[in-house]
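Student: I should like a close look at one part of this protein, namely its aromatic ring pairs and the residues around them. Please give a connected account, and set it beside other local features of the chain.

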Amino acid sequence: MKQATLKQKIRYRFDSFMARGGASIFLSLLFVFLGALLLLGILRGIIFALNPELAVQWDKNFVDNVYIVFIQLMDPGNMAQDIDSGTPYRLVAILGGTAGVIMLSALIAFITTALDQKISELKRGRSKVIEDDHTLILGWNEQRVIEIIRELIIANESEDDACVVILADEDKEHMDDILRLRLPSTLSTRIVTRSGDISSLASLDIASTETCKSAIVLATCNDADPTEAKEASDAHVIQTVLAITRHRENTDEFAIVVEIFNQTYREVVEKNFPDQVVTVNTLDILAKILVQTSRSVGLSVVYNEILSFDGCEMYFHGADWNGVTFAELPFRFPDGVPLGIRAADGSLSLNPATDVVLKDDDEILILADDDSTIEFKAASVAQPKDYDLEGSRQQQGVEKELILGWTEKAPIVLREYADYVNEGSRIDVMLSDPTEKNISEIKALDEELEDISVQLIESNRLNRDDLMSVEPFTYDNIIILAGGQEGMDSRQVDSENIVTLLMLREIFRGNPDQSGRTKLITEVLDSQNSPLVAEAGVKDVIISNRLVSMILAQVSESTGIKDVYDDIFQEDGSEIYLKPAALYFKSLPADFTFADMIRIAQTRGEICLGVKIKADENNADSNNGVQLIPPKDKSFRLTEIDSLVVLSEDET
């Protein structure tokens, strides 16, 4: 091997030294400055020693001459001190001033570059977060993140200095710009963003994972993305969960809420981390909400209020019950309605029998305005009247449903319908250009669901004539799913749904007598489009990202709420319905207090959560007529078309 020359070795050492960064550059400039000062100082001292008579001031010594060189290097304007000196002194002054200008320019360039690098580093969000008890959001999905933070802002209103930290593989400036635009006011909640790989231990350390109270791990794709994207998302989420549990040794009172699409992966994660990880299946939840909403007009308003921190919420509450029965329990709370009992072993019973006696170590699940307003009283705060129950039940007939669009939620929607509708019912699916996979899925569902018929209609829902050909006003329910062809973004999907809604509204207006019983339920991806959908005259709107984000936010604050959702969002067990007041009271119209409604609902084995006044159904300022957990002594004028909001085991 050829031996390196001395020049090459020196060049290599110099390059290695300069590659260390700003400190090396500064030391190099300092070394050059001291070298120039020493060299020019010696030169001026030699001139002074040889020709002292050329100096203007004869009392200057060697040290004074070095000082003059120093100030000329620092400020070339000091060359004026040698304006009357001899030529050798002026030459030294010129050299000093020129060297000073060059080094000062280099120093300014170095400082500017260093500041730019530091500012760029800060913008990249790589500095460590110093926070305690913050909520950590891992991943970036604009709609999901915005809705989650909206909920957390409301939840943190009672706190003086709450914090939400977002760690995502996105540009920090981009995230900050979006948050400033969509969330101009965050009240008492501070939002901190950091850039980094959410499955990296180093990035998790930056976000102070070890001190956060909960972590929400978002999927890297949307519900409408292809299967391959969802599998990649699940793999990344699981890797992130492993990184979090590895990074944080103390997992007491700490929850990791994650979005996982694959059922097998969810079960694996829950079995391996039963005390730390809560998995959420967004497709399953949304499909079940869509079906349940189609069974009761106005249920979407109820869900939006219950699932949000802005309104009444569900809490677990313990007290010294003194042997009170569940029937008497609602009348012992000035605010709130008990929904169930959680035993000491963690088992949850929604809508238990009214004669159940509470044990002192039981907790109740209660729907209340705020946890600060929950107070168990030793005596009743309201005295309901005992009315004779009307006694009739809602009759279910053979139904006809129409599904517009096809997504991965569609098979779940059809299976859920099969649990509700009577034998002989029919579900039609309208698709404009079905794939072979769509056709085979629909055919398989038709064979699987023995009691109902599932048929494919190949028509374009964006074409008025195609829509009119199926006579949409003859269906009991029409569900418009938010999903389209691969590659379509949320704006395109919502735009198509809005166009479909406008055409259906026009068709319904032209057939008022026939369309009166048809319920229209629309899924929307972007919450910003909800006013446009409401303008199209739809009473029940399911905003996918908002509902899922509400659930993620609530579970991150109280993991036990997940068990409640698992129970409510399924056909078995108790669910929320809006039932006509005529099923309860014999004489209508009449005035009844909310306490009266609670008591009479108990005679049907139900829990009354509120009331819906039909006259206010189209009034957004009155919450579309829905009032949940009003004061128990508040009186309402009920008619036959008004409804009670109840927790019940069936819809009859």
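Tutor: The account that follows begins with the aromatic pairs and then turns to single residues, helix contacts and backbone features.

The model is a predicted one. Across the whole structure, a search finds 6 aromatic pairs. One of them is formed by Trp321 and Phe376, in an edge-to-face arrangement with 5.0 Å from centre to centre and 75 degrees between the planes. This pair links distant parts of the chain, 55 residues apart. Trp321 belongs to the loop between strand 7 and strand 8, whereas Phe376 belongs to the loop between strand 10 and strand 11. Both Trp321 and Phe376 are buried. Together with Phe333, Trp321 and Phe376 are linked by ring pairs into a cluster.

A further pair is made by Tyr387 and Phe592. Their ring centres lie 5.1 Å apart and their planes stand at 75 degrees, so this pair is edge-to-face. Because Tyr387 sits in the loop between strand 10 and strand 11 and Phe592 in strand 18 (residues 590-593), the pair ties together parts that are 205 residues apart in sequence. The two partners may also be described by their accessibility. Tyr387 counts as partly exposed because its relative accessibility is 31%, while Phe592, at 4%, counts as buried.

Just before strand 18, the backbone has a feature to note at Pro589, in the loop between strand 17 and strand 18. Leu588 and Pro589 are joined by a cis peptide bond, with omega at about 0 degrees.

Strand 7 leads to another aromatic residue. Tyr315 is located in strand 7 (residues 313-318), and its relative accessible area of 14% makes Tyr315 buried. Leaving out residues up to four places away in sequence, Tyr315 touches Ile364, Leu365, Ile366, Ala368, Asp369, Asp370, Asp371 and Ile374. The side chain of Tyr315 is also joined to that of Glu313 by a polar contact of 2.8 Å. Tyr315 and Ile561 are 246 residues apart in sequence, yet their C-alpha atoms are 8.0 Å apart in space.

Ile561 leads in turn to a helix contact. The axes of helix 17 (residues 544-557) and helix 18 (residues 561-568) come within 8 Å and cross at roughly 140 degrees, which means that helix 17 is oblique to helix 18. In this contact, Ile551, Gln554 and Val555 of helix 17 meet Ile561, Lys562 and Tyr565 of helix 18. By class, the residues are 4 nonpolar, 1 polar and 1 charged.

Helix 10 and helix 11 provide another crossing. The axes of helix 10 (residues 282-295) and helix 11 come within 8 Å at a crossing angle of roughly 130 degrees, and therefore helix 10 is oblique to helix 11. Ile289, Gln292 and Thr293 of helix 10 make the contact with Leu299, Ser300 and Tyr303 of helix 11. This contact of helix 10 with helix 11 has 3 nonpolar, 3 polar and no charged residues. Helix 11 (residues 299-307) is mostly covered, with 8 of its 9 residues buried. Among the buried residues of helix 11 are Leu299, Ser300 and Tyr303.

After helix 18, the loop that runs to strand 17 contains Ser574. Ser574 is buried, with a relative accessible area of 2%. Not counting residues up to four places away in sequence, Ser574 touches Leu350, Asn351, Asp567, Ile568, Leu647, Ser648 and Glu649. Asn351, one of these partners, lies in the loop between strand 9 and strand 10. Asn351 has a positive phi of about 50 degrees although it is not a glycine, and at 10% relative accessibility Asn351 counts as buried.

A positive phi of about 50 degrees is also found at Glu471, again not a glycine. Glu471 lies in the loop between helix 14 and strand 14, and its relative accessible area of 40% makes Glu471 partly exposed.

Asp494, in helix 15 (residues 490-510), is a charged residue that is buried, with a relative accessible area of 2%. Apart from neighbours within four places in sequence, Asp494 is in contact with Val524, Leu525, Asp526 and Asn529.

Notes. Residues are numbered from 1 along each chain as its sequence is written. This is a predicted model: local features need pLDDT of at least 70, side-chain atom pairs count only at pLDDT 80 or more; totals for chains, interfaces and linings use all residues. Side-chain values use heavy atoms; hydrogens and water are left out. Buried means under 20% relative accessible area, exposed over 50%, partly exposed in between (1.4 Å probe, protein chains only). Helices (H or I, at least four residues) and strands (E, at least two) are DSSP runs, numbered from the N terminus. Contact means heavy atoms within 4.5 Å. A polar contact is a pair of N or O atoms within 3.5 Å; within protein, one must be able to donate a hydrogen and the other to accept it, and residues adjacent in sequence count only if both atoms are side-chain atoms. Axes are lines fitted to C-alpha atoms, for helices over the stretch in contact, and angles run from 0 to 180 degrees between N-to-C directions. Angles under 35 degrees count as roughly parallel, over 145 as roughly antiparallel, 65 to 115 as roughly perpendicular and the rest as oblique. Rings of Phe, Tyr and Trp (its six-membered ring) pair if their centres lie within 6.5 Å; planes under 30 degrees apart count as stacked, over 60 as edge-to-face and the rest as tilted.
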